[in-house]
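Student: I would like to learn how to read the inside of a protein model. Could you walk me through it?
Tutor: Gladly; let us look at it together.

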Amino acid sequence: MSNPRLKVVLTRRLPDAVETRMRELFDAELNLKDVPFDRAALEAAVQRADVLVPTITDEIDASLIAGAGDQLKMIANFGAGVDHIDIDAAVARQIIVTNTPGVLTEDTADLAMSLILAVSRRIVEGAQVVAEGRFEGWTPTWMCGRKLWGKRLGIVGMGRIGQALARRARAFGLQVHYHNRKPVSPRIEEELGATYWDDLDQMLSRMDLISLNCPATKDTHHLLSAERLARLQPHAILVNTARGELIDEAALSDAVARRGIAGVGLDVYEHEPAIHPGLLGHPNVVLLPHLGSATLEARQDMGDRVIANVMTFQNGHRPPDRVIPAML
């Protein structure tokens, strides 16, 4: 006899092909209105689901997990980051947690490079000038940005995305520096022409460009504090496509206001979707609505990874993308 189909509850609308396949394979409950689950809806979901498929917009904390029914055996996250899930609490309840690593790498690196270009060359500001009919012709001194070739890029977090960004950066003639918990292999360092810094403060004070590409953990919360932001050179540009909590947004707002930093490009925010008002309205601050994985291909691949994890579990095997506390 085949295994019974798992009750899978999706908290958000996913690509049509993903939802269709989930209906074929599982007893899948879809969120066709795509209204984010409030706390009551999440509490109800973990009382009826064998597998919960949340996204970054869902707070899966210890209290929610403690109130889950005994039938909940898996949390199959649609996304690579799992900082919104209390992994320790899930493990204590013997609930498997999975994510979708790897499939977002190239798209997020593309966006990080795009923000570096947009801020350095004042692309958004220039486009707005044209859209508003204020372009009156070329002049030698107007709308001058900064060239990239020969500049130093400091990458904070040299995982898959950091390395993908480094490859793009080299093509633009940037000198790659990085800070990580430990150095990458000599082979990768040589390929990327990357210089390792074990002291983040030392690296920050020497870079022309900074890109945050590390996960959000207890140790990285406000990694860029007011003190660290003050170490940046006044001509430096800061880009964040990782997690908003990595930056003290109030301190960043102060740095922008006092011109302690030349430019900022953000795709994520500390209290998303809210954005610190002090960051709004500045021509040298480019703000995007969390577009890091927003390609049709990436979202389809994310769904396929969720399906593979749930299907593997349903067949009695260890899911390939299981997350355990030691990995964080």
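Student: How many cavities of 30 Å³ or more does a search of the whole structure find?

Tutor: Before we count, keep in mind that this is a predicted model. As for the general idea, rolling a probe the size of a water molecule over the atoms shows where empty space is left. Here, searching the whole structure turns up two cavities of 30 Å³ or more.

Student: What volume does the largest cavity have, and which residues line it?

Tutor: The largest cavity has a volume of about 60 Å³. Its lining consists of Ser120, Arg146, Lys147, Leu148, Lys151, Asp208, Leu209, His235 and Ile237. Sorted by character, the lining of the largest cavity has three nonpolar, two polar and four charged residues.

Student: And what about the second largest cavity: how much space lies in it, and what lines it?

Tutor: The second largest cavity holds about 30 Å³ of space. Around it you will find Asn240, Gly244, Ile247, Glu249, Leu252, Leu266, Val268, Tyr269 and Glu270. In the lining of the second largest cavity, five residues are nonpolar, two are polar and two are charged.

Student: Now to pockets. What is the volume of the second largest pocket, and which residues are closest to its centre?

Tutor: A pocket is an open set of points, while a cavity is one the probe cannot get out of. The second largest pocket has a volume of about 240 Å³. It is lined by 15 residues, and Val119, Arg122, Cys144, Ala262 and Asn284 are the closest to its centre. Helix H5 (105–120) and helix H6 (123–131) are the elements that give two or more residues to this lining. By character, the lining of the second largest pocket divides into nine nonpolar, three polar and three charged residues.

Student: Which residues touch the most other members in the largest nonpolar core?

Tutor: To read a core, look for buried nonpolar residues joined through their side chains. The largest nonpolar core has 28 residues, and Val156, Ile210, Leu212, Leu238, Leu252 and Ile261 touch the most other members. Two or more residues come from each of helix H9 (200–204), strand S9 (209–212), helix H11 (249–257) and strand S11 (263–266). H11 gives the largest share of this core, four residues. Apart from this core lies another, of 25 residues, including Val119, Ile155, Leu174 and Val176.

Student: What does Val156 touch, leaving out residues up to four places away in sequence?

Tutor: With those left out, Val156 touches His179, Leu200, Met203, Ile210, Ser211, Leu212, Asn213, Cys214 and Leu223.

Student: Let us end with the rings. How many aromatic pairs are there?

Tutor: The count comes to two aromatic pairs. For Phe135 and Trp142, the ring centres are 6.3 Å apart and the planes are at 15 degrees, so this pair is stacked. Phe135 is partly exposed, with a relative accessible area of 48%, and Trp142 is partly exposed too, at 38% relative accessibility.

Student: Why is the pair of Tyr178 and Tyr196 called tilted?

Tutor: The ring centres of Tyr178 and Tyr196 lie 5.1 Å apart with their planes at 45 degrees, so the pair is tilted. Because Tyr178 lies in strand S7 (residues 175–179) and Tyr196 in strand S8 (residues 195–196), the pair ties together parts that are 18 residues apart in sequence.

Student: Are these two residues buried or partly exposed?

Tutor: Tyr178 is buried, at 0% relative accessibility, whereas Tyr196 is partly exposed, at 24% relative accessibility.

Definitions and conventions. Residues are numbered from 1 along each chain as its sequence is written. This is a predicted model: local features need pLDDT of at least 70, side-chain atom pairs count only at pLDDT 80 or more; totals for chains, interfaces and linings use all residues. Side-chain values use heavy atoms; hydrogens and water are left out. On a 1 Å grid over the protein atoms alone, a cavity is a set of points where a 1.4 Å probe fits but cannot get out, and a pocket is an open set with protein on both sides within 12 Å along at least five of seven lines; lining residues have an atom within 4 Å of a point. Grid points are joined across faces, edges and corners, and a volume is the space filled by probe spheres set on the points. Ala, Val, Leu, Ile, Met, Phe, Trp, Tyr, Cys and Pro count as nonpolar, Asp, Glu, Lys and Arg as charged, and the others, Gly among them, as polar. A nonpolar core is a set of buried Ala, Val, Leu, Ile, Met, Phe, Trp, Tyr and Cys residues joined through side-chain atoms within 4.5 Å. Buried means under 20% relative accessible area, exposed over 50%, partly exposed in between (1.4 Å probe, protein chains only). Contact means heavy atoms within 4.5 Å. Rings of Phe, Tyr and Trp (its six-membered ring) pair if their centres lie within 6.5 Å; planes under 30 degrees apart count as stacked, over 60 as edge-to-face and the rest as tilted.
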